[in-house]
Amino acid sequence: MSSEPITFFDLTSQQGTAWSLNPWRIRLLLNYKGVEYKTHWVEYPEIRPTLEGHVAPNEIAPGEVYDPLYTIPAIKFPDGTYVMGSRAIAEAISERYPEPSIALKPPVNDKLVQSMSKIMDAIAPIYFTLIPKNILNEASHEHWYRTRPKYAGMPLDQFWNEKGGETAWKLAEPHIRDITAMLKEKPEGPFFEGKEVTYADFYWAGFLIFLERMGKEEVFDELLKRSGDEKVHLAHLKACEPWTKRNDH
């Protein structure tokens with residue numbers, strides 16, 4: 001096998017550190033596996049020219065308002081093979097680097113993903129507005145402000161005014177509490193499967209980091225306040241620290 005490290009394609013930020021939830025779960029997996037990798041940082045407009053010709057584009061669903069052909073995360077293995085999409089990447093990493101092993105689809109996985117999707121839908125007015133302000137470099141602004149109103153179905157300021165703030169958090173709160181309950185199902189904790197870390201933990205840890213990067217007081221702390229038991233989430237994130245520390249290279 002080549003001595004070259006994996007190339008991991010991630011979205012850059014004003015701070016030069018990782019922020020996006022989908023790439024974060026792959027970064028956590030790489031850090032957990034102890035695999036040598038280097039980060040290739042990209043702006044949104046650079047995604048397609050960086051990946052086109054190396055990996056098959058995403059299939060566009062009929063009727064989709066905006067469905068990008070190329071997305072981050074993506075990865076290039078030392079043998080030159082490119083893989084795009086977090087699930088496909090996680091499977092490819094686990095196949096090529098089986099140790100230390102980790103369950104990619106533990107029993108809680110589907111419930112967790114469903115609850116996270118509902119939270120994301122509810123707070124979309126918040127992160128659609130705050131990400132360009134607090135995270136993105138100017139080079140990604142035009143792309144963001146052109147594409148996100150298509151998802152929202154309206155201008156972003158209108159999306160914020162009509163569906164942001166308390167309205168968004170009220171919709172999200174029951175699903176946040178569902179995840180709190182999932183974390184408490186195994187009281188020995190701190191992970192969803194008790195003492196055993198799984199890929200589901202990387203989903204949730206990546207999401208919490210994403211919210212913290214977006215705005216600690218107005219987003220991350222608000223989620224904790226709505227969670228019903230902030231201690232289990234803070235303990236979970238603390239337990240993931242061995243794999244969250246590497247965030248800038």
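Two strands count as paired here if DSSP finds at least two bridges between them, and helices (H or I, at least four residues) and strands (E, at least two) are DSSP runs, numbered from the N terminus. The model is a predicted one, so to speak of local features takes a pLDDT of at least 70, side-chain atom pairs count only at pLDDT 80 or more, and totals for chains, interfaces and linings use all residues. Residues are numbered from 1 along each chain as its sequence is written, and side-chain values use heavy atoms, with hydrogens and water left out.

On that footing, 4 strands make up an open sheet with mixed pairing, in the order 2-1-3-4. Strand 2 (37-42) and strand 4 (82-84) sit at the edges with a single partner strand each, so one side of each has no neighbour in the sheet. On average, neighbouring strands are turned by 20° against each other, direction ignored; axes are lines fitted to C-alpha atoms, for helices over the stretch in contact, and angles run from 0 to 180 degrees between N-to-C directions.

Strand 1 (residues 6-11) runs parallel to strand 2, and 6 bridges join them. Phe8, for instance, has Thr39 in strand 2 as its bridge partner.

Two helices lie across these strands. Helix 1 (residues 21-33) crosses strand 1, strand 2 and strand 3 (74-76), at about 150° to strand 1. Helix 3 (residues 86-96) lies across strand 3 and strand 4, at about 135° to strand 4.

Then there is Thr198, in the loop between helix 7 (165-184) and helix 8 (199-214). Thr198 is buried, at a relative accessible area of 1% (buried means under 20%, exposed over 50%, partly exposed in between, with a 1.4 Å probe and protein chains only). Neighbours within four places in sequence aside, Thr198 is in contact (heavy atoms within 4.5 Å) with Ile102, Ala103, Pro106 and Glu193.
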